[in-house]
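Me: Could you walk me through this structure with some questions and answers about its side-chain contacts and strands?

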Amino acid sequence: MRRLDLFLVFLFTIPVSFAQSPASDRAASLRHGINLSGWFASSGDLTQQHFDTFTNEADLKLIHEMGFDSVRLGVEPSLIVRHGQLNPANPQALAALDHAVNAALANHLAVMLCVFPNDDYKHNLATERGVDDFVLLWRVLAAHFSMADPGKAFFELMNEPEVPDPYRWMGIQARVVEAIRGVDTDHTIIATAANYGSLPDILQLEPLRDANVIYNFHFYEPYQFTHQGASWGSSDWVYYKDIPYPATPETLTAQMKNVPGDLARYNLFLYGATGWNRQSISARIAFAAAWARERNVPLICNEFGAYRDARPLDQ
């Protein structure tokens, strides 16, 4: 749904932890992070030259100096496993990934190692073969990174799985966690909910039977502002441009005149009429915090932001 490299890449994690467990303690190292978008996933370029030059140690050093404590490193599955088998065509990719993880850790940055597949891979999770491939992928990744510092390296199972059935996704996620624990019992796992792992999705998730897990959701509301101009997702978004935040119906009069289609105009009107502001966003996120508190689990939000091409420059 979302091309993350086109978003503001700030990743602000908000740990909510109550149980005394490794996951609760380690969540504190994920307070201010940044997505390393487009390095090992989502770029369309999986060549050695790209791995060596797209992000380097000087970048990681600067990220730390800017006050960040963590990075989120997406991994394209085909670099590790292809068609249910280890991929012998890319042994260099794993070595490059090792170098990236080690360089981040050396620069005092915790690393969320996240499987970041394309839509076809996610859609294959509707099949047992696709699930088997996903389980194998994490068995390989977990075994390979089992010696990395468990206090600083995290296993994030998947970015926005897009599995529409929350119960099916919970079953898949449980299988993957079991496979990881078969080869690694120390590292903290970062789990998410079905669909796009949004706030409504996390509220439908039941925690895994594993205490060493951090839960994660993404928050992009209000979409009329954060996704204005985006060519994916809702067909309305591409028509929205120069949408301010916050807004009222009166401040959106000129923008609504330029939007073709009654439904797209109505959705933009709803954005202004809803009264989005700091307080209303905080009230929504409070539902996620309550979910974590009631289940006594740590929770983070490791994606939010706005598409940069069409929003006002001062927003």
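Me: Which residue has its charged end over the ring of Trp276?
Reply: A charge counts as sitting over a ring if NZ of Lys or CZ of Arg is within 6 Å of the ring centre and within 35 degrees of the ring normal. Here the distance to the centre of the Trp276 ring is 3.8 Å. The residue with its charged end there is Arg284.

Me: Happy to have that one. How should I read the model and its numbering?
Reply: This is a predicted model, in which local features need pLDDT of at least 70, side-chain atom pairs count only at pLDDT 80 or more, and totals for chains, interfaces and linings use all residues. Residues are numbered from 1 along each chain as its sequence is written, and side-chain values use heavy atoms, with hydrogens and water left out.

Me: What is the mean pLDDT of the protein chain, and over which residues is the pLDDT below 50?
Reply: pLDDT is the predictor's confidence in each residue, from 0 to 100. The protein chain has a mean of 90, and 90% of its residues reach 70 or more. In the model, one stretch has 64 contacts (heavy atoms within 4.5 Å) beyond near neighbours in sequence, yet its pLDDT is below 50: residues 1-12.

Me: How many aromatic pairs does the structure hold, and which kind do Phe225 and Tyr245 form?
Reply: Rings of Phe, Tyr and Trp (its six-membered ring) pair if their centres lie within 6.5 Å; planes under 30 degrees apart count as stacked, over 60 as edge-to-face and the rest as tilted. The structure holds nine aromatic pairs. Between Phe225 and Tyr245 the centres are 5.6 Å apart and the planes stand at 40 degrees, and the pair is tilted.

Me: Where in the chain do Phe225 and Tyr245 lie, and is Phe225 buried or exposed?
Reply: Helices (H or I, at least four residues) and strands (E, at least two) are DSSP runs, numbered from the N terminus. Phe225 belongs to helix 9 (residues 223-226), while Tyr245, 20 residues apart from it, is in the loop between helix 9 and helix 10 (253-257). For accessibility, buried means under 20% relative accessible area, exposed over 50%, and partly exposed in between (1.4 Å probe, protein chains only). Tyr245, at 25%, is partly exposed, whereas Phe225, at 9%, is buried.

Me: Why does the pair of Tyr266 and Phe269 count as stacked?
Reply: The two residues are three apart in helix 11 (residues 262-274), about one helical turn. Tyr266 is partly exposed at 45%, and Phe269 is partly exposed at 33%. Their ring centres are 6.2 Å apart, and the pair is stacked because the planes stand at 25 degrees.

Me: How many salt bridges does a search of the whole structure find?
Reply: Side chains of opposite charge can pair when their charged atoms come close. A salt bridge is a side-chain nitrogen of Lys or Arg within 4 Å of a carboxyl oxygen of Asp or Glu. Over the whole structure, the search finds 11.

Me: Which residue forms a salt bridge with Lys61?
Reply: The partner lies four residues from Lys61 in helix 3 (residues 57-65), about one turn of the helix. Lys61 is partly exposed at 43%, while its partner is exposed at 52%. With 2.4 Å from N to O, that partner is Glu65.

Me: Which parts of the chain does the salt bridge of Asp132 and Arg175 tie together?
Reply: The closest N and O atoms of Asp132 and Arg175 are 3.1 Å apart. Asp132 is partly exposed at 36%, and Arg175 is partly exposed at 34%. The pair ties together parts that are 43 residues apart in sequence, because Asp132 lies in helix 6 (residues 128-144) and Arg175 in helix 7 (residues 166-183).

Me: Is strand 9 mostly covered or uncovered, and which strands pair with it?
Reply: Six of the six residues of strand 9 are buried, so the strand is mostly covered: Val213, Tyr215 and Phe217 on one side, and Ile214, Asn216 and His218 on the other. Two strands pair if DSSP finds at least two bridges between them. In the parallel sense, strand 9 pairs over three bridges with strand 8 (residues 189-191) and over four bridges with strand 10 (residues 299-303).
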